[in-house]
Amino acid sequence: AFTAHPSILVFEDSTHGIEAAIAAHMTPIGICSQHNPEILKNAGARLCFDHMRDAAALLNPKASAITP
């Protein structure tokens with residue numbers, strides 16, 4: 001059986017997705033394409049980014065050199 005771990009990051013743009021990540025014992029990261037950061041943080045997002053590209057740059061500084 002698969003057991004989730006808090007070190008697994010889930011990138012979500014919805015409150016339901018954030019809540020599902022928490023229920024699965026994963027760490028939710030908010031992508032603010034649909035909601036403002038406060039809504040996602042209130043749902044449980046540990047961090048929030050305006051765009052997935054911003055999150056990728058934080059996790060991998062070399063990713064910021066990649067253009068969409």
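How many residues of β2 are buried? The points below start from that strand and work outwards.

1. Strand β2. The model is predicted. In it, β2 is mostly covered: 5 of its 5 residues are buried. Both faces contribute. T27, I29 and I31 are buried on one side, and P28 and G30 are buried on the other. In a regular strand, side chains alternate between the two sheet faces.

2. The sheet. The strands number 3 and make an open sheet, ordered β1-β2-β3, with parallel pairing. Its edges are β1 (9-12) and β3 (47-49), each of which pairs on one side only. From one strand to the next, the twist averages 25°.

3. Strand pairing. β1 and β2 are joined in the parallel sense over 4 bridges. Within that pair, L9 stands opposite T27. On to β3: strand β2 (residues 27-31) runs parallel to it, with 3 bridges between them. I31 has F49 as its bridge partner in β3.

4. Helix on sheet. Helix α1 (residues 15-23) packs on the sheet and touches β1 and β2. The direction of α1 makes about 165° with that of β2.

5. Chain order. The chain holds 3 helices and 3 strands. Along the sequence they follow the pattern β-α-β-α-β-α.

6. T27. This residue lies in strand β2. Buried means under 20% relative accessible area. T27 has 12% relative accessibility, so it counts as buried. Neighbours within four places in sequence aside, T27 is in contact with P6, I8, L9, V10 and R46. L9 is thus listed twice for T27: as a contact and as the residue opposite it across the β1 and β2 pairing.

7. H25. Where does H25 sit? It is found in the loop between α1 and β2. Most residues other than glycine have a negative phi. H25 is not a glycine, yet has a positive phi of about 65°. Exposed means over 50% relative accessible area. H25 reaches 57% relative accessibility and therefore counts as exposed. The loop residue H25 is exposed, whereas T27 in the strand is buried.

8. Nonpolar core. Which residues form the largest nonpolar core? It has 6 residues: I18, C32, L40, A43, A45 and C48. Nonpolar side chains tend to be buried together in soluble globular proteins.

9. L40. This core residue has a long contact list. With neighbours within four places in sequence left aside, L40 is in contact with E12, D13, S14, T15, I18, G30, I31, C32, H35, A45 and C48. Core members I18, C32, A45 and C48 are among those contacts. G30 and I31, both buried in β2, are also among them.

10. Whole-chain totals. Of the 68 residues in the chain, buried ones make up 29%. The chain exposes about 4,600 Å², with carbon and sulfur atoms supplying 59% of it. Take the contacts between residues at least 6 apart in sequence: 19% of them join residues at least 24 apart.

11. Confidence. Mean pLDDT for the chain is 85, and 82% of the residues reach 70 or more. Which element has the lowest mean pLDDT, and which the highest? Helix α3 (residues 52-59) has the lowest, at 80. Helix α2 (residues 37-43) has the highest, at 96.

Definitions and conventions: Residues numbered from 1 in each chain as written. Heavy atoms only, no water. Pairing = 2+ DSSP bridges. Helix = DSSP H or I, 4+ residues; strand = E, 2+ residues; numbered from the N terminus. Axes fitted to C-alpha atoms, helices over the stretch in contact; angles between N-to-C directions. Contact = heavy atoms within 4.5 Å. Core = buried A, V, L, I, M, F, W, Y, C linked by side-chain atoms within 4.5 Å. Buried < 20%, exposed > 50% of the residue type's maximum accessible area, 1.4 Å probe, protein only. Areas by Shrake-Rupley, 256 points an atom, 1.4 Å probe, with all protein chains shown as cover. pLDDT = per-residue confidence, 0-100.
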